[in-house]
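Reader: I'd love to walk through this structure with you. Could we take a few questions together?

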Amino acid sequence: QVQLVESGGDLVQPGGSLKLSCVVSRSIFSFNAVGWYRQAPGKERELVATIDIQSSTNYLGSVKGRFTISRDNAKNTVYLQMNSLKPQDTAVYYCNAKFLEIATKPPRFHDYWGQGTQVTVSS
């Protein structure tokens, strides 16, 4: 069973920085992509940043230039460095791993999620 455990969320002032970590229970290269999503109160969960097996990255437009996703396969860990934080970044951040099952009738993706870590940006 795949487990993802996030850490690093905190209360931070606008303009501050945080680094989130996600430890995955198996090699992150077992997955097509790993990354981060977030959900603010009353809003839909949205993609923040992902990195795939070829190291291609994808970022939410509003975080480009401020957030950086990275990984350390030796540690089975995915990171999200968040700089210049804004109140709009306040949300629960979830680690995600996406796996494509090719044996199914139409192939389908499986999503694995961490429990979430709270990031609050406020003065």
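Author: Gladly! One definition to begin with: buried means under 20% relative accessible area, exposed over 50%, and partly exposed in between. Please keep in mind that this is a predicted model.

Reader: Are Cys-22 and Cys-95 buried or exposed?
Author: These two cysteines are joined by a disulfide, with an S to S distance of 2.0 Å. A search of the whole structure finds one disulfide. As for accessibility, Cys-22 and Cys-95 are both buried.

Reader: How many residues apart in sequence are the parts that this pair, Cys-22 and Cys-95, ties together?
Author: Cys-22 sits in strand S3 (residues 18-24), while Cys-95 belongs to strand S9 (residues 91-101). The disulfide therefore ties together parts whose separation in sequence is 73 residues.

Reader: Nice! Is the disulfide of Cys-22 and Cys-95 left-handed or right-handed?
Author: The handedness follows from the torsion about the S-S bond. For Cys-22 and Cys-95 that torsion is about -85 degrees, so the disulfide is left-handed.

Reader: How does Glu-46 count by its relative accessibility?
Author: Glu-46 is found in strand S5 (residues 46-52). Beyond its sequence neighbours up to four places away, it touches Tyr-37, Arg-38 and Leu-60. Its relative accessibility is 30%, and exposed would need over 50% while buried means under 20%. Glu-46 therefore counts as partly exposed.

Reader: And which residue's side chain does a polar contact join to that of His-110?
Author: His-110 has its place in strand S10 (residues 108-113). Leaving aside neighbours within four places in sequence, His-110 is in contact with Ala-97, Lys-98, Phe-99 and Glu-101. The polar contact, at 3.4 Å, joins its side chain to that of Arg-108.

Terms used:
Residues are numbered from 1 along each chain as its sequence is written. This is a predicted model: local features need pLDDT of at least 70, side-chain atom pairs count only at pLDDT 80 or more; totals for chains, interfaces and linings use all residues. Side-chain values use heavy atoms; hydrogens and water are left out. A disulfide is a pair of cysteine sulfur atoms within 2.5 Å. Helices (H or I, at least four residues) and strands (E, at least two) are DSSP runs, numbered from the N terminus. Buried means under 20% relative accessible area, exposed over 50%, partly exposed in between (1.4 Å probe, protein chains only). A polar contact is a pair of N or O atoms within 3.5 Å; within protein, one must be able to donate a hydrogen and the other to accept it, and residues adjacent in sequence count only if both atoms are side-chain atoms. Contact means heavy atoms within 4.5 Å.
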